[in-house]
Amino acid sequence: MPPLTNSTIHFGSFVVTSQVFYKTAHSFALVNIKPLLPGHVLVSPLRAAKRLSDLNHAEVTDLFMTVQEVGRMVERVYGASSLNIAIQDGPAAGQSVPHLHTHIIPRQNSDLDEHGGGDAIYGMLEGNDGDVGKHLWERSNRRPKFPAVDDSSREPRTEEEMAEEAQRLAREMTRQRL
């Protein structure tokens, strides 16, 4: 299955076209290079706005409608009973790519018990595990990868793995809309 669009889609300075599984007039959804839990995806505006306050009314509306629609699909596909939906709005809040993005993380009861409970997800988002920008930069520059401090067994995914998941989720979004 070819990419969802013929247009090049950027996430900050990174080309992520093959990772995109859903696109609207103002937003796109993409698979994550190093998901914190299975099904962890991102929704971002097409325009490379750095902060939520940089979006106009149409972009904000479209972004959150897309978050809602993608969230429903992710919850269904990954058998989740809940979602974490998070925005790290600026560098001091932990934003690692200077392009606004919303994390959608499907959750199940007891899924992070071995990490200290459900709230451990917040530390994971703010730590090395959640540093999307670092992992994209390492892949694009083909530099050696250093092990994660908290979870060295979790490796960033390949472009092919992410493209495969993006294609599967694109089919699920189409199925959901029917």
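K23 stands opposite F28 in strand 4. Strand 3 (20-23) and strand 4 (residues 27-31) form a hairpin with three residues between them. Their pairing is antiparallel and runs over three bridges; two strands count as paired if DSSP finds at least two bridges between them. Helices (H or I, at least four residues) and strands (E, at least two) are DSSP runs, numbered from the N terminus.

This is a predicted model, in which local features need pLDDT of at least 70 and side-chain atom pairs count only at pLDDT 80 or more, while totals for chains, interfaces and linings use all residues. Residues are numbered from 1 along each chain as its sequence is written, and side-chain values use heavy atoms, with hydrogens and water left out.

**Strands 4, 5 and 7**

Strand 4 also pairs with strand 5, antiparallel, through five bridges. On its other side, strand 5 is not left without a partner: three bridges join strand 5 to strand 7 (residues 102-107), again antiparallel. Some of the residue pairs are listed here.

| Residue | Partner | Strand of the partner |
|---|---|---|
| K23 | F28 | strand 4 |
| L30 | L42 | strand 5 |
| V31 | V41 | strand 5 |
| V43 | T102 | strand 7 |

In a regular strand the side chains alternate between the two faces of the sheet. In strand 4, S27, A29 and V31 point one way and F28 and L30 the other, and all are buried. Buried means under 20% relative accessible area, exposed over 50%, and partly exposed in between (1.4 Å probe, protein chains only). Strand 5 is covered on both faces, with V41, V43 and P45 on one side and L42 and S44 on the other. Because five of the five residues of strand 5 (residues 41-45) are buried, this strand is largely enclosed by the rest of the structure.

**Core and helix 1**

The largest nonpolar core has 22 residues, of which F21, V41, V43, V70 and L169 touch the most other members. Such a core is a set of buried Ala, Val, Leu, Ile, Met, Phe, Trp, Tyr and Cys residues joined through side-chain atoms within 4.5 Å. Two or more of its residues come from each of strand 3, strand 4, strand 5, helix 1 (57-77) and helix 4 (159-177). Leaving aside neighbours within four places in sequence, L169 is in contact (heavy atoms within 4.5 Å) with F21, V31, V41, M73, V77 and Y78.

Helix 1 has 21 residues and reaches 30 Å from its first C-alpha to its last, close to the 30 Å expected at 1.5 Å a residue; the expected span is 1.5 Å times one less than the number of residues. Its buried residues include L63, V67, V70 and V74. The buried residues of helix 1 pack against strand 3, strand 4, strand 5, strand 6 (82-87), strand 7 and helix 4. At the start of helix 1, a side-chain oxygen of N56 reaches to within 3.1 Å of the backbone nitrogen of A58. The helix is followed by G79, whose phi is positive, near 60 degrees.

**Loop and confidence**

S110 has a positive phi of about 65 degrees although it is not a glycine. S110 lies in the loop between strand 7 and helix 2 (120-126).

The protein chain averages a pLDDT (the predictor's confidence in each residue, from 0 to 100) of 85, and 83% of the residues score at least 70. Among the elements, strand 5 has the highest mean pLDDT (98) and helix 3 (residues 132-141) the lowest (56). Over residues 142-150 the pLDDT is below 50, and this stretch has 14 contacts in the model beyond near neighbours in sequence. Where pLDDT is low, the predicted coordinates should not be read in detail.

Definitions and conventions
A polar contact is a pair of N or O atoms within 3.5 Å; within protein, one must be able to donate a hydrogen and the other to accept it, and residues adjacent in sequence count only if both atoms are side-chain atoms.
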